[in-house]
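Reader: Hi! I'd love a close look at one part of this structure, the sheet and whatever sits around it. Could you walk me through it, strand by strand where that helps?

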Amino acid sequence: MPPPGAWYDSKMSPVVTDLRYLLPWQFYPTVFLACVIAVALYVRGLAALRRGGTPVGFGRAFTFFLGVALNYAALQTYVDFLAQHMFWIHRLQHLILHHVGPVLLVLAAPEAVLRAGTPAPLLRGLCRVPSWIRRPIRLFFRILQHPLIAPTLFVGLIFFWLTPSIHFTAMLDERRYLLMNWSMLIDGILFWWLMLAPRRAQGSAAIGYGTRIIILVAVAVPQMILGAYIALHSTPLYSIYAVCGRAWAISPLTDQQLGGLLTWIPAAMMSVVGVLVVLHHMMHDPEAGTRHGSLRAPAEPAGSS
Amino acid sequence: MSVSVRTSSALILALLLAACSGSGPPYALANVTGLVAPLEFHLTDQNGQPVTAAAYRHDVVLLYFGYTHCPDQCPTTLAILASALHALGPQASQVRVLFVSVDPRRDTTAVLKRYVGNFGPEFVGLRGGQTELTRLSKRYRITYHYEAPDKYGDYEVDHSSAVFVFGRHGRARLLGQVDNTAQQYTSDLRRLLANS
């Protein structure tokens, strides 16, 4: 385990590559298990689909593994230490957990592979969950995925955890820190799935592609304002990094400016990426032109002829 | 029935007590009750004796990470704490300031003993190996790193500025920062001594 001063040590010693940097700074069993289960199910699914004659393309599988690997690296390597003791790396960590990682996971469209990889008894058990359990869960999911609530939650979580007094306690208490990171990752997956998954994959939760573009643009604006506010603020907003010590010597304002820029520009650019993906869906999805998708699509050609 | 009445009355009493304990004016230092891990360590004191948190369970403890070659922050902070303890009067004997060295290579027990002796009898110098220091830095979520040495081999250590304040029995209560004054420490310590 490298000591906290290892960053400096690594610069002093000629050997920079050190396997210890790949080990968790703090081991979070929830994160470790979630990643292991996701990879195990996906690998099983890949094998099952290959046997079934419908192998998954390399690109999709690679995208999925890259998404899992990025999220894992953000939480279970030395990055986690740096994120606890450097504001801009904390922002980079959240850019991965809330934006880049979930986008990759959603673009890989892993649902079918994960289902094929789930052991049959478990799948049967999940199907047999009584409706009085399933219905409230579905309702809760519906509420979270409401086209007004989902973007509010997405932006609201960023603002919530970046409120200086709340940020202070999240960095001081390991449980809050873990809650913060899990909330970002789960919300990231929910939001980007709602934005980027093809409509036919979303079933009843689907919202129109035009609405998605409006939401993607709308969430970019407050992120840009918050990022600019942090980057251009003339005094340190987050005292916790001075209180607990920074990972290496950097002026508090430089740290804050870099963190603000990471909140401002790449986060907003993810909305542009999102819009491009949605436009791609619109051009390739035969149901895209209609308001209610599959309900109306078959009816229209019949009516027009 | 009677059990549930007893339970609920106990619950109400507990809520009232909680409300009372939280009803005073806020502390001048940041309140970190429930956020920071209880006091726990295995280190060596300035007399070379192994020591754990159990030795201080009857005291209010101030935990600070620093190093004796520190040019500015450590002496300033320790001077503020010394002045706060001086103002406490006889009650200061129930308070301990634990100065944990993050530079054990230079801070031998003899160096530590001479250094903390400058600030008062309540000051204790502690040191440990990198393994124990790493464990402590994870527990208290602080860090430190060594700057490049100059031509004489002297180097500075960048470190946390937090003063963790523990009530009796090692319960984390407050967090002192660089802008806190001696008067603020004195009044907060007085309150902690009275009700912890």
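Author: Happy to! In chain B, 8 strands form an open sheet with mixed pairing, and their order is S1-S10-S9-S4-S5-S6-S2-S3. Please keep in mind that this is a predicted model. The edges are held by S1 and strand S3 (50-52) of chain B, each with a single partner strand, so one side of each is left without a neighbour in the sheet.

A helix belongs in this picture too. Helix H2 (residues 73-88) of chain B packs on the sheet, where it touches strand S4 (60-66), strand S5 (95-101) and S9 of chain B. The direction of H2 makes about 170° with that of S5(B); since angles over 145 count as roughly antiparallel, H2 runs roughly antiparallel to S5(B).

Now let's zoom in on strand S10 (residues 172-176) of chain B. In the order of the sheet, S10 stands between S1 and S9. Of its 5 residues, 5 are buried, so S10(B) is largely enclosed by the rest of the structure.

On one side, strand S1 (residues 30-31) of chain B pairs with S10(B) in the antiparallel sense, over 2 bridges. You can find both residues of the S1 side by name: Ala30(B) has Leu175(B) as its bridge partner in S10(B), while Asn31(B) is matched with Leu174(B).

On the other side, strand S9 (residues 163-166) of chain B also pairs with S10(B) in the antiparallel sense, here over 4 bridges. Within that pair, Phe166(B) stands opposite Ala172(B) of S10(B). S9(B) and S10(B) form a hairpin with 5 residues between the strands, and in this hairpin His169(B) takes a positive phi near 65°. If you are scrolling through the backbone, that residue is a handy place to pause.

As a last stop, here is how chain B meets its partner chain. In that contact, 21 residues of chain B touch 22 residues of chain A. On the chain B side, helix H4 (130-139), strand S7 (144-146) and strand S8 (157-159) each supply at least two residues. H4(B) gives the largest share, with 5 residues. Sorted by class, the side of chain B that touches chain A has 8 nonpolar, 9 polar and 4 charged residues.

Methods. Residues are numbered from 1 along each chain as its sequence is written. Chains are lettered from A and ligands numbered from 1 in the order in which they are written. This is a predicted model: local features need pLDDT of at least 70, side-chain atom pairs count only at pLDDT 80 or more; totals for chains, interfaces and linings use all residues. Two residues are in contact if their C-beta atoms, placed from the backbone, lie within 7 Å. Ala, Val, Leu, Ile, Met, Phe, Trp, Tyr, Cys and Pro count as nonpolar, Asp, Glu, Lys and Arg as charged, and the others, Gly among them, as polar. A residue is buried if 20 or more other C-beta atoms lie within 10 Å of its own, exposed if 12 or fewer, and partly exposed in between; C-beta atoms are placed from the backbone. Two strands pair if DSSP finds at least two bridges between them. Axes are lines fitted to C-alpha atoms, for helices over the stretch in contact, and angles run from 0 to 180 degrees between N-to-C directions.
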